[in-house]
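The exercises below ask the reader to work through one protein model, from a single strand outwards to its cores and charged pairs. Each task is followed by a worked solution.

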Amino acid sequence: MKFINTKTSFILLALAFSFSCFSCGTKQSQKDSLVEKTTDAPEVVYNIPQDLQEYYKEVDFTKINQELFEELSALVTTTHTRKHPYGWEHIKNTDLTPQANQVFLIYGHQGVNKGQQAFTRGKNQNSGKIGDWNREHVFPKSLATPKLIGGKTPEAGTDAHNLRASDVQWNAARGNLPFIDSQGLSGKVAGGWYPGDQWKGDVARMIMYMYLRYPDQCLPSSVAIGQANALDPNMIDLLLQWNAQDPVSFIEIQRNNYLGNLDNEFAQGNRNPFIDNPDLATRIWAGPKADNHWN
């Protein structure tokens with residue numbers, strides 16, 4: 001992962017003519033000018049909530065772009081102190097509805113109670129059978145380089161921040177299709193997969209987390225279709241748009257709080273910073289202004 005240098009510099013390279021050519025006002029044969037992109041991010045003072053101050057105490061939030069990316073990447077890596085094999089129980093805790101008897105199904109259509117597009121399902125209706133829910137790798141295992149692995153042995157493929165409950169058939173319909181822009185409900189669009197208006201922010205923040213946590217393996221450009229970011233060609237601007245357009249939901253907060261708290265049996269110890277504050281994506285990659293939860 002390498003960002004474009006954000007300090008403006010001008011390098012002028014000229015091929016010299018003879019003294020007589022300059023004196024008679026002839027044009028230079030060639031003049032090359034390289035202007036590197038710059039991001040003049042305004043200074044920000046974050047008012048971090050008390051319950052998050054300990055977690056973020058070592059991060060220098062005056063930094064931007066690659067420097068801030070690297071600090072957050074180190075944080076989510078060093079605090080990922082507990083790793084779990086591929087299982088079901090963490091989702092039965094992280095993705096619960098308020099009634100605690102069902103789980104939310106990513107890509108589900110709100111108001112639909114059964115079938116492939118159901119919005120929720122009984123928390124114990126998990127298997128690989130039609131009508132049940134299984135585990136969706138939002139960043140597909142096959143699109144990482146190298147591929148995400150993990151089963152009984154905890155690996156990147158078992159990172160719970162990347163796993164969501166999903167209807168078995170609707171998960172299969174998505175397969176490993178890259179994310180693409182559209183509007184409305186989830187489904188296939190022109191060779192890609194639109195997660196749905198209600199889920200696109202969740203997806204964007206999960207992909208950003210995976211990039212932080214596995215910066216050489218899980219590139220956003222491998223899993224989303226759209227224009228490359230001007231500062232970081234591995235980031236896709238579409239994900240920044242989704243992060244800004246779809247605010248953090250209580251489902252995301254619930255998942256983040258559970259996984260970040262080592263008092264919980266199936267926690268990992270690390271958090272998704274973009275759920276805590278979507279504005280961090282703006283500080284790193286610029287683009288559309290996202291919500292600042294710490295103002």
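Arg135 stands opposite Ala165 in strand 6, and this pair is the starting point of the first exercise. The model is a predicted one, in which local features need pLDDT of at least 70 and side-chain atom pairs count only at pLDDT 80 or more, whereas totals for chains, interfaces and linings use all residues. Residues are numbered from 1 along each chain as its sequence is written, and side-chain values use heavy atoms, with hydrogens and water left out.

**Exercise 1. Describe how strand 6 is paired and how its residues are placed.**

Step one is the pairing: strand 5 (residues 133–137) and strand 6 run antiparallel and are joined by 5 bridges, where two strands count as paired if DSSP finds at least two bridges between them. Helices (H or I, at least four residues) and strands (E, at least two) are DSSP runs, numbered from the N terminus.

Step two is the direction of the side chains: Leu163, Ala165 and Asp167 point one way from strand 6, while Arg164 and Ser166 point the other way.

Step three is burial, where buried means under 20% relative accessible area, exposed means over 50%, and partly exposed lies in between (1.4 Å probe, protein chains only). Because 5 of the 5 residues of strand 6 (residues 163–167) are buried, the strand is largely enclosed by the rest of the structure.

**Exercise 2. Compare the surroundings of three salt bridges, and find the network to which one of them belongs.**

Begin with the principle that side chains of opposite charge can pair when their charged atoms come close. A salt bridge is here a side-chain nitrogen of Lys or Arg within 4 Å of a carboxyl oxygen of Asp or Glu, and a search of the whole structure finds 11 of them.

Take Glu71 and Lys63, whose closest N and O atoms are 2.6 Å apart. Glu71 is buried, with a relative accessible area of 19%, whereas Lys63 counts as partly exposed at 25%.

Continue with Lys92 and Glu89, where the closest N and O atoms are 3.7 Å apart; both residues lie in helix 4 (residues 89–94), 3 residues apart, about one turn of the helix. Lys92 counts as buried at 12% relative accessibility, and Glu89 as partly exposed at 39%.

Finish with Arg255 and Asp95, whose salt bridge brings the closest N and O atoms to 2.7 Å apart. This pair links distant parts of the chain, since Arg255 belongs to helix 8 (residues 250–260) and Asp95 to the loop between helix 4 and strand 3 (102–104), 160 residues apart. Arg255 is buried at 4% relative accessible area, and Asp95 is buried at 0% relative accessibility. The network of salt bridges links Asp95, Arg164, Asp202 and Arg255.

**Exercise 3. Work out which residues touch the most other members of the largest nonpolar core, and which helix supplies its largest share.**

First fix the term: a nonpolar core is a set of buried Ala, Val, Leu, Ile, Met, Phe, Trp, Tyr and Cys residues joined through side-chain atoms within 4.5 Å. The largest one has 56 residues, of which Tyr56, Phe61, Leu72, Phe139, Phe179, Met208 and Trp285 touch the most other members.

Next trace the elements: helix 3 (65–78), strand 8 (192–194), helix 6 (200–213), helix 7 (237–245) and helix 10 each supply at least two residues of this core, and the largest share, 9 residues, comes from helix 6.

Then look at one member through its contacts (heavy atoms within 4.5 Å). Leaving aside neighbours within four places in sequence, Leu72 is in contact with Tyr56, Val59, Phe61, Leu212, Pro273, Leu280 and Ile284. A second, separate core of 8 residues includes Ile91, Leu105, Ala118 and Trp133.

**Exercise 4. Is Asp279 buried or exposed, and with which residues is Asp279 in contact?**

Asp279 is found in helix 10 (residues 279–285) and counts as buried, because its relative accessibility is 0%. Apart from neighbours within four places in sequence, Asp279 is in contact with Tyr46, Lys289, Ala290, Asp291 and Asn292.

Among these residues, Tyr46 is joined to Asp279 by a side-chain polar contact of 2.5 Å; such a contact is a pair of N or O atoms within 3.5 Å, and within protein one must be able to donate a hydrogen and the other to accept it, while residues adjacent in sequence count only if both atoms are side-chain atoms.
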